[in-house]
Amino acid sequence: MSKLKWDEVGKRFFETGVDHGVLYVPDVTGEYATGVPWNGLTTVTESPSGAESNKQYADNQVYLNLVSAEEFSATVEAFTYPDEFEQFDGSAELDAGVYIGQQARKPFGLSYRSLIGNDLEGQDAGYKLHLVYGCLAAPSERARATVNDSPEAMGLSWELSTTPVAVGTIAGKEYRPTAHLTIDSTKVDAAALAAIEEVLYGKDATVAPDPVAPAVVARLPLPAEVYEIVTAVV
C-alpha cells in the first residue's frame with residue numbers, strides 16, 4: 001500500500017452554484033409526469049435532519065445505540081417561480097390573473113444541478129443532478145420594499161418538507177425509502193447521463209434523419225427507474 005497523499009493535482013474538488021431548476025407536476029396517479037423550468041433559482045439549502053443517537057442502557061452501561069429516522073428538507077430561494085407552482089404554494093386561480101390564497105397545498109417534485117470543480121478545470125469538472133421527491137412548500141413571508149437609489153429584486157423563499165418514495169430491492173439489496181437522489185456526472189457513464197437528462201429535461205421532436213422521433217415530455221423518474229435507465233444504457 002502506498003503512502004497517503006493530500007491535495008494532489010487534479011484532486012482538489014469542490015462544489016458550487018445551482019442551476020437547471022425544474023418543477024415537476026404530479027398527474028392523477030401521483031407520478032411526476034410533467035416538468036417545467038424554474039427560472040430565477042438562486043439558492044437551494046439542503047437541510048437533512050434526524051439520524052439522532054438514542055442510547056439504551058442496561059447493566060450500568062450502553063446496551064445498544066438506536067438511531068432515529070432521517071428526514072430531508074430544504075429551503076428554496078428564487079426571484080420568481082413558474083405559474084404551475086401557484087397550486088403548490090397555496091394559491092388557486094379563479095379566473096385569468098385572479099388568485100386567492102390559503103388553499104390546500106399539494107406535493108410536487110423538484111430537480112436542480114450543482115457544479116463540481118477542481119484545481120485544473122475550475123467549475124467545469126462536472127456536475128451533480130439532484131432529484132427531490134414528495135416536496136411540500138410551507139407558507140413564506142415576502143418583504144415588499146419601496147424602490148430607492150439602490151434597488152433590489154424581491155427575493156422569494158420556501159421551506160420544503162418531503163415525504164420519501166419507495167426505492168425497493170435493487171440488485172438484490174433492499175433499500176429504505178428516500179426523498180433525495182443524486183447523480184454525479186464525473187462517475188456516471190456519459191451515455192447513461194444523457195439518457196437520464198433526456199427524461200428530466202425532455203426532448204424536442206425530430207423529423208430528420210428518419211425515422212421521425214416524437215417529442216419527450218420532461219418528467220421526474222423514481223429511484224428504481226433511474227437505476228434501470230443507467231444500467232440499461234451501460
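**A hairpin, a surface patch and a buried threonine**

Let me start with the hairpin: strand β9, covering residues 92-95, and strand β10, covering residues 98-100, run antiparallel and are joined by three bridges. I should say at once that what we are looking at is a predicted model. Within this pairing, Ala92 has Ile100 of β10 as its bridge partner. Two residues lie between β9 and β10 in the hairpin, and in that turn Gly97 takes a positive phi of about 80°.

From there I would like to move to the surface, where Tyr63, Leu64 and Leu66 together make a nonpolar patch of about 310 Å². Of these residues, let me take Leu64, which belongs to strand β6, the stretch spanning residues 61-67. Leu64 has a relative accessible area of 32%, and because this value falls between the 20% and 50% limits, the residue is classed as partly exposed.

The last residue I want to show is Thr162, which is found in strand β13, residues 156-162. Is Thr162 buried or exposed? Its relative accessible area is 19%, and since the cut-off for buried is under 20%, Thr162 counts as buried.

As for what surrounds this threonine, the side chain of Thr162 reaches the backbone oxygen of Phe72 at a distance of 2.4 Å. Phe72 also appears in the list of contacts that Thr162 makes once its neighbours within four places in sequence are set aside, a list that further includes Val132, Tyr133, Gly134, Cys135 and Ala179.

Definitions and conventions: Residues are numbered from 1 along each chain as its sequence is written. This is a predicted model: local features need pLDDT of at least 70, side-chain atom pairs count only at pLDDT 80 or more; totals for chains, interfaces and linings use all residues. Side-chain values use heavy atoms; hydrogens and water are left out. Two strands pair if DSSP finds at least two bridges between them. Helices (H or I, at least four residues) and strands (E, at least two) are DSSP runs, numbered from the N terminus. Patches are made of residues with over 30% relative accessible area and no salt bridge: like charges are joined within 9 Å, nonpolar side chains (Val, Leu, Ile, Met, Phe, Trp, Tyr) within 5 Å. Accessible areas come from the Shrake-Rupley method with a 1.4 Å probe; for residues, only the protein chains shown count as cover. A salt bridge is a side-chain nitrogen of Lys or Arg within 4 Å of a carboxyl oxygen of Asp or Glu. Buried means under 20% relative accessible area, exposed over 50%, partly exposed in between (1.4 Å probe, protein chains only). A polar contact is a pair of N or O atoms within 3.5 Å; within protein, one must be able to donate a hydrogen and the other to accept it, and residues adjacent in sequence count only if both atoms are side-chain atoms. Contact means heavy atoms within 4.5 Å.
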